[in-house]
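Work through the exercises below with the model open. Try each task before reading its solution.

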Amino acid sequence: MGRVMFSALLQLLCLSSVAVWTVRGEDPYFFFVWNVSYGTISPLGVPQQAILINGQFPGPNINSTSNNNVIVNIFNNLDEPFLLHWNGIQHRKNSWQDGQLGTNCPIPPGTNYTYRFQVKDQIGSFFYYPSIGLHRAAGAFGGLRINSRLLIPVPYADPEDDYTVLIGDWYTKSHTTLRKILDSGGRSIARPNGVLINGKIAKGDGTDEPLFTMKPGKTYKYRICNVGLKASLNLRFQGHTMKLVEMEGSHTVQNDYQSLDVHVGQCFSVLVTADQEPKDYYLVASTRFMKNVLVGKGIIRYTNGKGPASPEIPEAPTGWIWSLNQFRSFRWNLTASAARPNPQGSYRYGSINITRTIKLFNSVSKVDGKLRYAINGVSHVDPETPLKHAEYFGVGDKVFKYNIISDEGPPEGSTSITLAPNVVNVTFRNFVEIIFENREKSIQSWHLDGYSFFAVAIEPGRWSPDKRSNYNLLDAVSRHTIQVYPNSWAAIFLTFDNAGMWNLRSELTEDRYLGQQLYISVLSPALSLRDEYNIPDNVLLCGLVKDMPLPKPYSI
């Protein structure tokens with residue numbers, strides 16, 4: 001498409017950014033048209049280039065309901081390739097829509113691409129973000145909520161309103177500068193410059209507009225996601241208690257908290273009741289596990305409020321043992337129904353036999369003088385041909401090798417790192433235990449695309465089989481992201497029943513960019529539409545498969 005025609009079409013389509021929906025005798029369809037462009041913002045008082053969606057920072061929220069079909073037409077008006085990833089959306093049978101370099105070719109500048117996916121059998125709070133390079137450091141992220149269907153009871157009364165809270169660390173350097181720092185080889189991007197809440201930070205001088213308003217006596221739902229690059233954040237509402245009700249797609253036991261540690265990539269939903277003196281209050285997010293604490297604030301205003309927020313903000317906890325104990329307090333709500341009518345607890349994961357244990361160790365070292373992060377001694381490199389495309393077209397052996405890492409991890413004491421595409425093959429529908437072991441001095445946060453898993457344990461020290469006696473085999477929360485504290489380990493359970501190519505990564509952007517990720521290939525031996533969709537008709541092809549004829553499509 002020519003530049004002139006592209007610009008004209010873009011202006012026509014972006015007259016409205018509101019979703020339009022229709023019903024075609026099936027689940028509703030929601031259509032979005034998003035213009036991705038550069039813009040200038042100054043959230044920390046320093047003008048800097050950002051990536052905007054329809055001129056917005058953060059980007060628009062997607063408000064959907066279980067089983068809705070979401071169609072997002074992305075117009076890339078940048079001067080570089082672009083992809084969006086839908087963090088926590090499982091894309092059942094459809095890893096073609098995941099928006100990672102292992103599953104998708106980037107959207108070239110001056111062109112558009114349409115994502116088509118269904119939020120099948122999911123509820124909860126999620127977000128999207130750009131997945132190439134350090135784009136996430138420039139914005140283009142936003143909230144994505146999936147509401148329960150009306151026929152499914154929710155284990156709490158309808159709130160007065162439903163708010164999205166995107167918290168994250170922020171750098172004043174541009175994404176291109178940060179990338180150049182990492183590409184230069186020897187340096188980290190260091191510590192962030194501040195913390196933002198929905199792209200802003202309150203000055204506290206009486207001129208701040210409220211991020212949210214509350215009517216006295218009413219209860220509100222806040223969906224909180226850490227969309228940052230590096231820092232775990234502690235979130236608290238000045239003078240108010242939070243009731244945790246949902247975590248990354250699961251209803252939780254409804255405990256009360258004064259503050260919550262939200263690690264990178266994680267999302268929580270809480271209920272907050274406006275039961276205090278009518279005035280302004282601070283919503284506070286501050287960095288954890290860093291020597292110099294950074295604090296971000298936003299204003300919550302009572303509708304009849306008189307008076308500013310108190311300058312005395314609530315203190316944050318210290319140390320990671322507090323955070324570990326908070327993790328242990330999280331419990332799955334066994335009697336609540338999520339996306340389906342049956343109670344969550346009807347799935348008894350603790351009684352399923354483990355068929356395979358995969359131990360993953362994160363490490364960092366230098367290769368030829370350049371900083372690299374690794375899993376089991378392999379630092380992932382994205383090939384020109386997306387891994388899923390190579391596998392589907394039958395040329396995988398020309399692009400990558402399966403299982404170049406051992407399930408047992410690297411040899412004891414090994415510090416060597418190999419650069420290569422890192423792909424692990426897992427048998428379809430097997431029930432697998434994954435152990436994350438962090439022997440570094442900093443916290444780690446892991447995310448798996450395409451699935452939710454049961455976070456059965458996090459403990460200090462090193463894992464061994466006898467540690468299974470400490471697993472929570474009854475009501476561990478089913479989620480998609482888990483933190484691992486320094487010199488600690490975490491264990492998760494899941495059934496690999498979603499065919500596709502799925503990214504498992506460090507959510508710490510620097511670590512991921514420099515290789516701390518891998519892909520899990522889950523192939524259905526039946527090669528049937530019952531298990532996986534065919535390649536989309538609008539797919540972008542690149543690398544070895546660009547000019548190859550499409551393989552024979554799957555059938556039922």
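**Exercise 1. Locate Pro58 and describe the peptide bond before it.**

Pro58 sits in the loop between β3 (48-53) and β4. Strands here are DSSP runs of E with at least two residues, and helices are runs of H or I with at least four, all numbered from the N terminus. The bond from Phe57 to Pro58 is cis, with omega near -10°.

Two notes on the source. This is a predicted model, in which local features need pLDDT of at least 70 and side-chain atom pairs count only at pLDDT 80 or more, while totals for chains, interfaces and linings use all residues. Residues are numbered from 1 along each chain as its sequence is written, and side-chain values use heavy atoms, without hydrogens and water.

**Exercise 2. Find the loop that holds Ala140 and give the sign of its phi.**

Go to the loop between β8 and β9; Ala140 lies there. Its phi is positive, about 60°, although Ala140 is not a glycine. Most residues other than glycine have a negative phi, and most peptide bonds are trans.

**Exercise 3. Work out the strand order of the open sheet that contains β4, and name its edges.**

Start with the order: β4-β9-β8-β6, an open sheet of 4 strands with mixed pairing. Two strands pair if DSSP finds at least two bridges between them. Next, the edges: β4 (62-65) and β6 (84-87) each have a single partner strand, so one side of each is left without a neighbour in the sheet. The twist from one strand to the next averages 20°. Axes are lines fitted to C-alpha atoms (for helices, over the stretch in contact), and angles between N-to-C directions run from 0 to 180 degrees. Now take one pair. β8 (residues 124-130) and β9 (residues 142-147) run antiparallel and are joined by 5 bridges. Within that pair, Phe126 has Leu144 of β9 as its bridge partner.

**Exercise 4. Do the same for the open sheet that contains β26.**

This sheet has 5 strands, ordered β26-β34-β33-β28-β31, and its pairing is mixed. At the edges stand β26 (423-427) and β31 (481-484), each paired on one side only. Neighbouring strands are turned by 20° against each other on average, direction ignored. β26 and β34 (residues 517-523) run parallel, with 5 bridges between them. Val426 has Val522 in β34 as its bridge partner.

**Exercise 5. Count the cavities and describe the lining of the largest one.**

Rolling a probe the size of a water molecule over the atoms shows where empty space is left. A cavity is a set of points, on a 1 Å grid over the protein atoms alone, where a 1.4 Å probe fits but cannot get out; lining residues have an atom within 4 Å of a point. Grid points are joined across faces, edges and corners, and a volume is the space filled by probe spheres set on the points. The count is 6 cavities of 30 Å³ or more. The largest cavity holds about 80 Å³. Its lining has 14 residues; Phe141, Gly168, Asp169, Trp170 and Val227 lie nearest the centre. β10 (162-170) and β11 (194-197) are the elements that give two or more residues to this lining. β10 gives the most, with 5 residues.

**Exercise 6. Check the overall dimensions of the protein against the globule rule.**

The rule is 2.2 Å times the number of residues to the power 0.38, with the radius of gyration taken over C-alpha atoms. For 556 residues, a compact globule would have a radius of gyration near 24 Å; the protein has 23 Å, which agrees. The C-alpha atoms fill a box of roughly 65 × 65 × 55 Å along the principal axes. The secondary structure comes to 5 helices and 34 strands.

Definitions and conventions. On a 1 Å grid over the protein atoms alone, a cavity is a set of points where a 1.4 Å probe fits but cannot get out, and a pocket is an open set with protein on both sides within 12 Å along at least five of seven lines; lining residues have an atom within 4 Å of a point.
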